[in-house]
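The following account is a guided reading of a structure, intended to be followed with the coordinates open. Please keep the sequence and the three-dimensional view side by side.

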Amino acid sequence: MKLNRNAVGWLNVSPLLAVMVPFFIVPIIVVFIASIMQTDGFGGMFWDPSLENYSYIFKSDLTYRLYFETVKFAVLTLVFSAFIGFWVAHFLVFHVRSKLLAMGLFLVCTVPFWTSNIIRMISWIPLLGKEGLINRALIAMGAIQEPLEFLLYSDFAVVVAYVHQLTIFMIVPIFNSMARIDKRVVEAAVDAGASKFDIMRYIIVPMSKSGIALGAIFVVSIVMGDFFVVKVMSGGGTASVVGAFYEDIGVLQYPSAAASAIILTILVMLMVAAILRIVDIRKEITQ
Amino acid sequence: MGTGNGDIELAGVTKSYDGETYAVDGINLKIPDGAYCCLLGPSGCGKSTILRMIAGHEDPTHGEILIGGEDVVGLDPVQRRTAMMFQSYALFPHLSVRDNIAFALRVRGLSKTERYGKADEMMEKVHLTEFANRLPSQLSGGQQQRVALARAAITEPRVLLLDEPLSALDEHLRIRMRAELSRMQRDLGITFIHVTHTQMEAIALADTVVVMDRGEIRQAGPAREVYASPNNRYVAEFIGGQNVLSGKVGDVNGSKATLAGPTFSNIEIPLLAGTPLHSGQSLDIAIRRDDIDLLRLGGNGVPPGSTGVEGAVTGVEYQGTFVKVMMDAAGEGEFVAYVPERRFFEDTLSVGDRVLAVWQIDHAHLLA
């Protein structure tokens, strides 16, 4: 039997479609439909399509504050995890001479991820708390008199927990793109008279761009879609976008939660598009 | 010729990575300014290590490296005024051809217009102008090689170091780029040091050929000297084009001596002033493959002034301008005669024919 070219094309994309349609496209459509329905206030919904739920969200100051907070966490986490991830990957690729050792250390980076997210997050509490290890150590050394309050249940604690959770998502793609840099290319730059700083800015950073961008996509989309870390580490003092519509669901306001979800999805897609706009990952990878 | 200060001297240079084995073992070498020098040897013989030490990418364990009379050990490549063309070129994959070539100027702080001006000039010279905005991956092997050459030459170095510059190219292109390298070297008038494992490449290009083996120099000299009068068995066999016969010296009397081996006896060998021979000593001799005449048995025998060995033809290969005839005359080693094409077909030999291979006595070359 001979298939025509069209059929072959569809067959080629069918595995992807089999995943994308039921797990992404259909749910999004369902959520969108829910977002234009109305609630009866008791968990039921009825069909009276309008964009009222959206206009309500856009009119509320709270929305903008929530997005500001969440984007702030995303950006801070991105900056710190990219910085740490870059240097860890750089160390593994360029300073560890033995390939085997580099691979071993790389695996060591993943060890913390053998326990659950929640345990890793909660384990910060005895460290950062008022009576925690850091405060007590600092008081014992005489560096401070009063315990530092900002360590736990604060924005600081939220960022620490995010960076701790997400840096691995930076290390892996950056390590991958750096490992593909031919050492002779670096040597050629030295031969041309490049200083360490020149090599960094003209060779290593540009050639690691695709890794940084991939890591950024992970970090941004995870932070934007998370509420649990914010809830626990801020001690309830800070809300987040997802946290807000989680509460909507708690009070059976499904349509407005659905509208918030659609807006968030669009925003994250725009952020990912912006990242891809800055770094053309496809071009970088095929280079 | 030469721009001055491009002469290189290596004095007692050794390099060891582990303190026990030596990748480079006591190299002494002088390369005059403006010379084209080829370091030739099999892989792992230390030739690339020497190149990298001259370039400043590695430091010798012991010894001095002088460029233009000054010891450069510990200086960086820019201070040495050397430039290196890397094996498989190591072009910057994310930069255009123009930016690749201008890179060294960029890190020297030249403005964009200045460095692009110079890069454009250089691209003109190596015929890359139309590819200025392409990425290296969009170029052919020969074009990439020219980019690498241009990138190395843009800083006007006094020494250009080339690590296997032709090995990534196919046979045809290799011979063309070989001529290009030679032209480039004449144009620039600077010292070229070229590392290769291809014998023909080395003797075609170099003023000085340095034959290396296991971290040591086995012979250094002009191409013709290394090819036609190898010092030792290693060089003779590595460069090729020679038949090496090993045996023991027989009678030595006044003007004549003979050599006897497992498959031959009474080969006459020349007596040279300054190399006394003793009866019974082991000796290797080399005879160029193109100095050998093949005669059928039962003819006039060995002509006066010549000597020879007898054997059977084991293979014939047509090579165009000559015919390669292989014989079983040298015991274990191969014995080959290059017979000019016309002469071969006057009286075609075939496998199994017994022939007498003869050469003039004084064409044989005694190996140390």
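The paragraphs below turn to a sheet, an interface and the salt bridges in turn. The model is a predicted one.

The sheet of chain B is a convenient starting point. It is an open sheet of 4 strands, arranged in the order β2-β1-β4-β5 (chain B), with antiparallel pairing. Its edges are formed by β2 (24-31) and β5 (70-71) of chain B, each of which pairs on one side only. Helix α1 of chain B, spanning residues 47-55, packs on this sheet and touches β1, β2 and β4 of chain B. The direction of α1(B) makes about 120° with that of β1(B).

Within the sheet, one pairing may be followed in detail. Strand β1 of chain B (residues 8-15) is joined to strand β4 of chain B (residues 62-67) through 5 bridges in the antiparallel sense. In general, the strands of a sheet pair through backbone hydrogen bonds, in either a parallel or an antiparallel manner. Along this pair, the residue opposite Thr14(B) is His62(B), which belongs to β4(B).

Attention now passes to the interface. Chain A contributes 16 residues to the contact and chain B contributes 23 residues. Between chain A and chain B an area of about 1700 Å² is buried, and carbon and sulfur atoms give 65% of it.

Which residues form the salt bridge between chain A and chain B? Glu187(A) and Arg52(B) do so, with their closest N and O atoms 2.7 Å apart. The count of salt bridges between these two chains is 1. There are also 6 residue pairs in polar contact between chain A and chain B, with both residues at pLDDT 80 or more.

On the side of chain A that touches chain B, the elements giving two or more residues are α9 (183-191) and α10 (196-224) of chain A. The largest share of that side comes from α9(A), with 7 residues. By character, the residues on this side of chain A comprise 10 nonpolar, 2 polar and 4 charged.

The salt bridges may finally be considered across the whole structure. A search over all chains finds 22 of them. One lies between the side chains of Glu237(B) and Arg233(B), with an N to O distance of 3.0 Å. Because Glu237(B) and Arg233(B) are 4 residues apart in helix α9 of chain B (residues 233-239), about one helical turn separates them.

Definitions and conventions: Residues are numbered from 1 along each chain as its sequence is written. Chains are lettered from A and ligands numbered from 1 in the order in which they are written. This is a predicted model: local features need pLDDT of at least 70, side-chain atom pairs count only at pLDDT 80 or more; totals for chains, interfaces and linings use all residues. Side-chain values use heavy atoms; hydrogens and water are left out. Two strands pair if DSSP finds at least two bridges between them. Contact means heavy atoms within 4.5 Å. Axes are lines fitted to C-alpha atoms, for helices over the stretch in contact, and angles run from 0 to 180 degrees between N-to-C directions. Buried area is the accessible area (1.4 Å probe) that two parts lose on being put together, summed over both. A salt bridge is a side-chain nitrogen of Lys or Arg within 4 Å of a carboxyl oxygen of Asp or Glu. A polar contact is a pair of N or O atoms within 3.5 Å; within protein, one must be able to donate a hydrogen and the other to accept it, and residues adjacent in sequence count only if both atoms are side-chain atoms. Ala, Val, Leu, Ile, Met, Phe, Trp, Tyr, Cys and Pro count as nonpolar, Asp, Glu, Lys and Arg as charged, and the others, Gly among them, as polar.
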